Amino acid sequence: MRPSTRGMLLAAKRDYYEILGIDKSATQDDIKKAFRKLAFDLHPDRNKDPASEEKFKEISEAYGVLSDPEKRQKYDAYGHAGISGAYSQEDIFRGADFSGFGVDMEDILRNFFGGAIGGNFGGFGFQRQRSGPQKGRDLETAVEITLEQAATGATMELSINRLEKCSRCGGSGAEPGASVVTCPKCGGTGQIQRSVASPFGRMITVTTCDRCQGRGRTPEKPCTKCRGDGVEEARRKIDVKIPPGIDEDMYLTLRGQGDAGIYGGPSGDLFVGIRVKPHPYLLRKGSDTIYEVEINVAQAALGAEITVPVINGEEIIKVPSGTQSGDIIRLKGKGMPSRYGRGDHLVHVTVRIPGKMSKHQRELMEELAKEFNSEPQKRGFFRH
Ligand SMILES: [Zn+2]
Ligand SMILES: [Zn+2]
């Protein structure tokens, strides 16, 4: 039997696990994280590579299947043949029928980008048919801040491309001076009915009027700048206030800062994803911060006062005498701010045992050894 073209296409498809960079034992959480990371990197705002759109489709499809336990099971058992069903990838992205084994792209994107579909993803083929006033599309972007900025809060300037009300016609779509009249093509109904001959008799099809895009009204003379859409592309700088205590992967929603609505609809929202740069020597764990410090044997044995960095400066702390490697000194309320009050700063202590010593240090250590050796040796397990 001659293999069909379709069969060959399927055979050439990459493994879904490989696409997401995970292995077969990945949990749902792993899958979600992997997709999220890749989707961020491939976002058209950050990635100008023309191949990123294809890659985005690929990871979305892989995610759509692997995140659904039923589809994943079929895929594990039968490979691509098990889940492709009647849908090719192209069908899926053309927005055909998302039931059955297809993957609902809009659903995936809505879950990940909080409704930020369309807009910058417009190129990915989710544009809906226009009719009447529509809410502007939601947009999504990301901002990177330092750990210090996450602690104190900050105002960051974002640069975004979005649709704004046309500066020439003010959003009406009509050339200044021209009026908006009832659409001559559809008579104001916004729909066009066509009667088509078929083997079963005449059939009536109803489509949205292409002259007025379903509004029923149309400018006598369309605006020369926006060609009647009422919106134009603009690059805009927006200040965004980052509240103190914000963490990686959180989102800020800026209401009404997305694309302008079409034909008088409200503006969409702007979702700002937060990225926190790793700090050179402080680690964050929830609302706590962690610093690792090394002390010497004498400091551990005798106790000492040392200076350690905290998120907004330095603190002098007391290392008690008898401190062991692995001990944690907790500075209450010196961590990150959070909804539940400020977290703690944890100083993880390591005691450095000297290897190379000066002659004098060695003499002193030998002196100390004699003293220790005269003590009776304890037997047993000493871990505490
Ligand atoms: Zn205009
Ligand atoms: Zn019309």
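**Strands, cores and one exposed glycine**

Me: What makes β11 and β15 a pair?
Reply: β11 and β15 run parallel, and eight bridges join them. Pairing takes at least two bridges between two strands, so with eight bridges β11 and β15 qualify. One of these contacts in register is V293, whose bridge partner in β15 is V349. Keep in mind that this is a predicted model.

Me: What sheet do these two strands belong to?
Reply: An open, four-stranded one, in the order β10-β11-β15-β14, with mixed pairing. From one strand to the next, the twist averages 30°.

Me: Why are β10 and β14 called edge strands?
Reply: Each of them, β10 (283-285) and β14 (328-331), pairs on one side only. For β14 the partner is β15 (residues 345-352): the two run antiparallel and are joined by four bridges. R330 stands opposite L346 in β15. For β10 the partner is β11 (residues 288-296), again in the antiparallel sense, over three bridges. L283 has I290 in β11 as its bridge partner.

Me: How do you know what the pairing in this sheet should be called?
Reply: Go through the pairs: β10 with β11 is antiparallel, β11 with β15 is parallel, and β15 with β14 is antiparallel. Both senses turn up, hence "mixed".

Me: What joins β10 to β11?
Reply: A hairpin turn, with two residues between the strands. G286 sits in that turn and has a positive phi of about 60°.

Me: What about the sheet that holds β1: which strands are in it, and in what order?
Reply: Three strands, β1-β9-β8, make an open sheet with mixed pairing. Its edge strands are β1 (139-145) and β8 (251-254), each paired on one side only. The twist here averages 25° from strand to strand.

Me: How do you know that β1 and β9 pair?
Reply: Two bridges would be enough to call them paired, and β1 and β9 (residues 270-276) have seven, in the parallel sense. A142 and G273 in β9 are bridge partners.

Me: Why is G177 called exposed?
Reply: Exposed means 12 or fewer C-beta neighbours within 10 Å. G177 has 7 inside that distance, so it counts as exposed. You'll find G177 in the loop between β2 (154-165) and β3 (180-182). Its C-alpha is 9.7 Å from that of E220, which is 43 residues away along the chain.

Me: What makes the largest nonpolar core a core, and who is in it?
Reply: A core needs buried residues of nonpolar types such as Ala, Leu or Tyr, joined through C-beta atoms within 7 Å. The largest set has 15 residues; Y16, L20, F35, I59, A62, Y63 and L66 touch the most other members. The elements giving two or more residues are α2 (16-20), α3 (28-42) and α4 (52-66), with α4 giving the most, six.

Me: Which residues does Y16 contact, beyond its neighbours within four places in sequence?
Reply: A62, V65, L66 and Y75. To count as contacts, their C-beta atoms must lie within 7 Å of Y16's.

Me: Where does V349 belong, apart from the largest core?
Reply: To another core of eleven residues, which also includes A150, V308 and M336. This is the V349 that bridges to V293.

Me: And how much of the whole protein chain is buried?
Reply: Buried residues come to 24% of the 384. To count there, a residue needs 20 or more other C-beta atoms within 10 Å of its own.

Methods:
Residues are numbered from 1 along each chain as its sequence is written. Chains are lettered from A and ligands numbered from 1 in the order in which they are written. This is a predicted model: local features need pLDDT of at least 70, side-chain atom pairs count only at pLDDT 80 or more; totals for chains, interfaces and linings use all residues. Axes are lines fitted to C-alpha atoms, for helices over the stretch in contact, and angles run from 0 to 180 degrees between N-to-C directions. Two residues are in contact if their C-beta atoms, placed from the backbone, lie within 7 Å.
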